[in-house]
Amino acid sequence: MDWNSKQQGYVLGISFLGFILTQVIAGKIADAIGAKSPLIVSNIVMGACTLISPFTAWWNFYALLTVQFIRGLSQGFVTPALYRLMSDWYPKNERGFLSTLVVCGYAFGVVISGIVTGWLCDVPHLGWPSGFYFWGTFTLGTAILLQFILHESPQTHPSITEAELKYITEGQDNKMLEKRPQTPWKKIFTSVPCYAYFYGLFGHYWAISYFLSVHPTFMGTILHFPMTEVSK
């Protein structure tokens, strides 16, 4: 593509903007209607946008920007919905470990997807569009899988035993949604531990964003590694 460095930066960054914009409203929607529907719809939108990305790139630069922005907007629904599911499904005494395990999945996914995408780009007659086709199809398949195997809460699972249900729900505050306390904004923004948490979280996502976008560009344009080697 005949794009200058500024245009390349827009393509790489526009989805992150969409991802940020929908975080708060996504959490509200997950609380209002549940997490399953937002997860399924967001995976469908992400999968469709990923599949058509090569065609929009060949057609028009701004069309690709629009598609990537929409993909980012839909991706913003995933994390709040996941945390909503975790609050319903994880036993109180196992939430710390299981939540950490889920969050680690982001980094694990980056590593695996990079290796797979690099291999796909290296296959003759497939090239870089194959990465979009593969992961777009994979994401749509995930949406279909979620429709059939994901249940909103332990109470709605058709085959859960009474012992399992008791173990999961014991100690959970089921009345939280009925009378949710107001968000203590003043205490949040005057709390040193909160700022420490914000700083750590910012660094975490900055590092992920770097390795997803800036680092491959640096490896390819400055160090002149081939695209397949950069992806791997």
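**Helices and their packing in an all-helix chain**

Helix α10, which covers residues 192-221, has 30 residues and reaches 41 Å from its first C-alpha to its last, close to the 44 Å expected at 1.5 Å a residue. Along the way, α10 bends by about 45° at Phe211. These values, like those that follow, come from a predicted model.

A step back to the whole chain helps to place this helix. The secondary structure of the protein chain comes to 11 helices and zero strands. Read from the N terminus on, the elements therefore run α-α-α-α-α-α-α-α-α-α-α. The C-alpha atoms of the chain fill a box of roughly 55 × 45 × 30 Å, taken along the principal axes.

Helix α3 (residues 36-59) can be described in a similar way. Its 24 residues reach 34 Å from the first C-alpha to the last, close to the 34 Å expected at 1.5 Å a residue. A kink of about 45° lies at Ser53 in α3, and the proline Pro54 comes shortly after that kink.

How do helices sit against one another? Two packed helices are described by the angle between their axes and the distance between the axes. For α3 and α7, the axes come within 8 Å and cross at roughly 165°. Angles over 145 degrees count as roughly antiparallel, and α3 and α7 are therefore roughly antiparallel to each other. Their crossing is left-handed. Sorted by class, the residues in the contact of α3 with α7 are 16 nonpolar, nine polar and one charged.

Helix α7 (residues 129-149) also meets helix α6 (residues 95-121), and here too the axes come within 8 Å, with a crossing angle of roughly 130°. This angle makes α6 and α7 oblique to each other. In this pair, α6 passes α7 in a right-handed crossing.

Which residues of α6 and α7 meet? On the α6 side they are Ser113, Val116, Thr117, Leu120 and Cys121, and on the α7 side Ser130, Gly131, Phe134 and Trp135. The residues of this contact divide into five nonpolar, four polar and no charged. A general property of helices is useful when looking at such a list: an α-helix has 3.6 residues a turn, so residues three or four places apart point the same way.

Taken together, α7 has two partners in this description: α3, to which α7 is roughly antiparallel, and α6, to which α7 is oblique.

Technical notes. Residues numbered from 1 in each chain as written. Predicted model: local features only at pLDDT ≥ 70, side-chain atom pairs only at ≥ 80, totals over all residues. Heavy atoms only, no water. Axes fitted to C-alpha atoms, helices over the stretch in contact; angles between N-to-C directions. Helix = DSSP H or I, 4+ residues; strand = E, 2+ residues; numbered from the N terminus. Parallel < 35°, antiparallel > 145°, perpendicular 65-115°, else oblique. Left-handed = near helix turned anticlockwise from the far one by under 90°. Contact = heavy atoms within 4.5 Å. Nonpolar A, V, L, I, M, F, W, Y, C, P; charged D, E, K, R; others polar. Expected span 1.5 Å × (residues − 1). Bend = angle between axes of the 7 residues up to and from the residue.
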